[in-house]
Amino acid sequence: MTRVLRVEIPHHLRTLAQLSGEIRLEVEEPVTLVRVLDALEARYPVLRGTIRDQETRQRRAFLRFFACQEDWSHHPVDAPLPPEVAEGREPLLIIGAIAGGTGLPGRGASRGSGR
Amino acid sequence: MSQVRVLVGTKKGAFVLTADGKREQWEVSGPFFAGWEVYHMKGSPVNPDRIYVSQTSSWSGQVIQCSDDGGKTWYAPGGGIRQSPQGWPVGESNRFVYDTSQETGKPLTTHQFYDGTQHPWEFKRVWHLEPSLTDAEVVYAGVEDAALFLSKDGAHSWQELPGLRGHGTGPKWQPGAGGMCLHTIVLDPKDPKRIYIAISAAGAFRTDDGGETWKPINRGLKSNFIPDPNAEVGHCVHHIAMSPRRPGVLFMQKHWDVMRSDDAGDNWREVSGNLPTDFGFAIDVHAHEPETIYVAPIKSDSEHFPLDGKLQVWRSRSGGNDWEPLTRGLPQKDCYVNVLRDAMAVDSLDDCGIYFGTTGGQVYLSPNAGDHWMPIVRDLPAVLSVEVQTLA
């Protein structure tokens, strides 16, 4: 069965992929991180290599995955995501690590990259 | 009337500066790729409107961008322009994979690390893009960790030229302070199979067969910071410049020392002469006078700013040894910026404009071969690279 879920990516990557706002992706069950990333990169090839290394497929060190306010960055990539994310009730957040600066106003201030 | 287009890569995006041949009124466009580091951008000599850009980020890795209209619009090759038969865009442009295949006979996987141990080669970013002199779709990329890649399809896909890393000295290469980067690529206009490259901190290398085989060309370099100051590799070469009018003659700014070779790099001799300090990064050659060269002296390897707070370019009209300071129009007090290795360039107008960018965000121009300088812009992000296109 195919699920439609929601994904948020960092500002710089939205600009790179010429996107605004959330992304809605169709992903086959079971909905896992690796399936979400595969679907994301298939739909937006310019993002290949920007979230995970093209060759090792490892997450880039300064990007993190959050689902239902829990850090999933170190979870197995083939573990099923929480139902709230898999069913599209909550977004999967891909965010840049904060490294100084004040970031953007509002939500971006707490979650965006402060470069 | 001629036009000049200056391509400026900065710590926070790219800028394009344009003017007519008088070079008095400048139009500034950008920032493009705002927020990303733009290590280098360079136009094709065959089709000047084709510009290649290295856009990189510690957060999000490497992206290659292109323009086909001289920098007005941009696209990431493979990022959605072409479509596969299934309808998905084909995306490969930011894929730089080291060639470790047995077929090439060069399965090199480690180099020397800071602590002397062997360390795996890991791709980090593209430092320099060098478009072919004969085909706008062909472009070379110098990357960190040091290797040379080639694209024959307009940066859609990249393949390593593995003979460089695998020629024998690769395990002895080690990172400089800025990483182990291949930062200089010089193409010989008279011999399409001859290419020079430079790596920090390994040295200079040359191929005479289009990149199949390579050899170190470091004889005559002396680097007191390595155990054998005359070693075959291990030298921190900062940049190499060559006049297209006289391809066999090379000029080098090394970590310390300004060097010259009259035999395509086989032998080097020091030409620092009366320079107040021979540490620096940038070096270039006058477009029409192959013996006129320029450097931007920096105080030392631990203090990356001009001596006494005075920003100076030094010019030699004799191919080195005899140098004169060029100061008119440049700040002569309280200036503590750096001029990075790819941040100096020349145009090919009759009076030869010289350009350089600083880590303070200024881009300076001398429209008269260095006699007098003026800022084109003063407040960009730190400038990483400057390239100039002279357009008919």
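Chain A, read along its sequence, follows the pattern β-α-β-α-β-β-α-β-α. That comes to four helices and five strands. Please keep in mind as we go that this is a predicted model.

How much of chain A is buried? Of its 115 residues, 34% are buried. Contacts tell us about the chain in another way: among those in chain A with a separation of 6 or more, 50% are between residues 24 or more positions apart.

Let us now look at some backbone details in the loops of chain A. Following α1 (11-16), in the loop that leads to β2, sits Gln18(A). Its phi is positive, at about 55°, although Gln18(A) is not a glycine. Is Gln18(A) buried or exposed? It is exposed, because 11 other C-beta atoms lie within 10 Å and a residue counts as exposed at 12 or fewer.

Further along, β2 (23-28) and α2 (33-43) of chain A are separated by a loop that holds Pro30(A). The peptide bond between Glu29(A) and Pro30(A) is cis, with omega at about -10°.

Another positive phi, of about 50°, belongs to Cys68(A), which is not a glycine either. Where does Cys68(A) lie? You will find Cys68(A) in the loop between β3 (63-67) and β4 (70-71) of chain A. With 15 other C-beta atoms within 10 Å, Cys68(A) is partly exposed. The reason is that partly exposed residues fall between the limit for exposed, 12 or fewer, and the limit for buried, 20 or more.

Moving over to chain B, we meet a cis peptide bond there too, joining Gly30(B) and Pro31(B), with omega at about 0°. Pro31(B) is part of strand β3 of chain B, which covers residues 27-32.

Our last stop is strand β15 of chain B, residues 203-207, together with its pairing partners. This strand is mostly covered, with four of its five residues buried. On one side of the pairing story is β14(B), residues 195-200, which runs antiparallel to β15(B) and pairs with it over five bridges. The connection from β14(B) to β15(B) is a hairpin of two residues. To see the register, look for Ala198(B), which stands opposite Ala204(B) in β15(B).

Strand β15(B) also pairs with β16(B), residues 215-216, and here the two strands are antiparallel and joined by two bridges. Which residue is the bridge partner of Arg206(B) in β16(B)? That partner is Lys215(B).

Technical notes
Residues are numbered from 1 along each chain as its sequence is written. Chains are lettered from A and ligands numbered from 1 in the order in which they are written. This is a predicted model: local features need pLDDT of at least 70, side-chain atom pairs count only at pLDDT 80 or more; totals for chains, interfaces and linings use all residues. Two strands pair if DSSP finds at least two bridges between them. Two residues are in contact if their C-beta atoms, placed from the backbone, lie within 7 Å.
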